[in-house]
Structure formats: C-alpha cells, structure tokens
Amino acid sequence: MKKINRLLPFEATKKPVTIEAVLWTGGNIETIDAFVANTHEVQYNNLLSSRDQILKVWNGLEGQWINCPIGHYIIKGVAGEFYPCEPKVFDKTYNVVGEDT
C-alpha cells in the first residue's frame, strides 16, 4: 500500500458518515433544546424582533460558544459536538437521508 507524506499538502476524501441536524428557524427553540439535551447547553435571547434572536450552541471540542444565525443548521458531529452550518454549505456537503435528490 502506498504511503502519502502528510507533512506536505495532499488530497483527502471525506468518509461517508451520517450526522444529525436541525434547521434553526428562530421559532423552534423547544426542538433545539431537545436536540442538544443532556449533552450541551443553548443560550437564547429573544430581543426586539425575530431578526434579533441569538442562538449560541456550546461546542465542547472547540471549548467555546458558537453563534448560530437563523436559517443555519445545527449539526451534531461524529464526536458529539454541535456546530452551525450555512445552508449552502450544508446542501453541498450532505444528502438528507430518505429525501429524494
């Protein structure tokens, strides 16, 4: 088997793994709470209007709170971490299981 020198730039293909995700709409905080229940915390502030809603998800791997704008997906990664993903990036990266493409 050929070995690649990983100290130089090289190409890699992402392994096919199934993740869990939910779309943050600004009005589904109960769903988000259930999605991250017993693993991480969510901070949520409903300020003056729906555009001002702030969702922060704790990412244990990064050790920090990460902002998740309305319209972004919250993904549960392979190590149990949570992080936001822009819809365009999500659509390029993932196929939804059970959904026709």
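Two strands count as paired if DSSP finds at least two bridges between them. Helices (H or I, at least four residues) and strands (E, at least two) are themselves DSSP runs, numbered from the N terminus. With that in hand, look at Ala21, which stands opposite Ile75 in strand 5.

This is a predicted model, where local features need pLDDT of at least 70, side-chain atom pairs count only at pLDDT 80 or more, and totals for chains, interfaces and linings use all residues. Residues are numbered from 1 along each chain as its sequence is written, and side-chain values use heavy atoms, with hydrogens and water left out.

## The overall plan

Let's start with the whole chain. There are 2 helices and 6 strands in the chain, and from the N terminus on they follow the order β-α-β-β-β-β-β-α. Of the 101 residues, 27% count as buried; here buried means under 20% relative accessible area, exposed means over 50%, and partly exposed lies in between (1.4 Å probe, protein chains only). A contact means heavy atoms within 4.5 Å. Among contacts between residues at least 6 apart in sequence, 35% join residues at least 24 apart.

## The sheet

Now find the open sheet, where 3 strands pair in the antiparallel sense in the order 1-5-6. Its edge strands are strand 1 and strand 6 (82–85), each of which pairs on one side only. On average, neighbouring strands in this sheet are turned by 25 degrees against each other, direction ignored. Strand 1 and strand 5 (residues 73–76) share 4 bridges, and strand 5 and strand 6 are also joined by 4 bridges. In strand 6, Pro84 is the bridge partner of Ile74. The hairpin of strand 5 and strand 6 has 5 residues between the strands, and Gly80 takes a positive phi near 85 degrees there.

Helix 1 (residues 29–36) lies across strand 1, strand 5 and strand 6, running at about 165 degrees to strand 1. For such angles, axes are lines fitted to C-alpha atoms, for helices over the stretch in contact, and the values run from 0 to 180 degrees between N-to-C directions.

## Three residues to find

| Residue | Place | Relative accessible area |
|---|---|---|
| His72 | loop between strand 4 (64–68) and strand 5 | 17%, buried |
| Lys56 | strand 3 (residues 54–59) | 29%, partly exposed |
| Ile75 | strand 5 | 0%, buried |

Leaving aside neighbours within four places in sequence, Ile75 is in contact with residues including Ile19, Ala21, Tyr83 and Phe90. Ile75 and Phe35 are 40 residues apart in sequence, while their C-alpha atoms are 9.7 Å apart. With the same kind of neighbours set aside, His72 is in contact with Val22, Leu23, Trp24, Cys85, Glu86 and Pro87. The C-alpha atoms of Lys56 and Tyr83, 27 residues apart along the chain, are separated by 9.4 Å.

## The largest pocket

On a 1 Å grid over the protein atoms alone, a pocket is an open set of points where a 1.4 Å probe fits, with protein on both sides within 12 Å along at least five of seven lines; lining residues have an atom within 4 Å of a point. The largest pocket holds about 380 Å³ of space. Of its 19 lining residues, the closest to the centre are Val17, Thr18, Ile19, Tyr94 and Asn95. Strand 1 (20–23) and helix 2 (87–93) each supply at least two lining residues.

Terms used:
Points joined across faces, edges and corners; volume = space filled by probe spheres on them.
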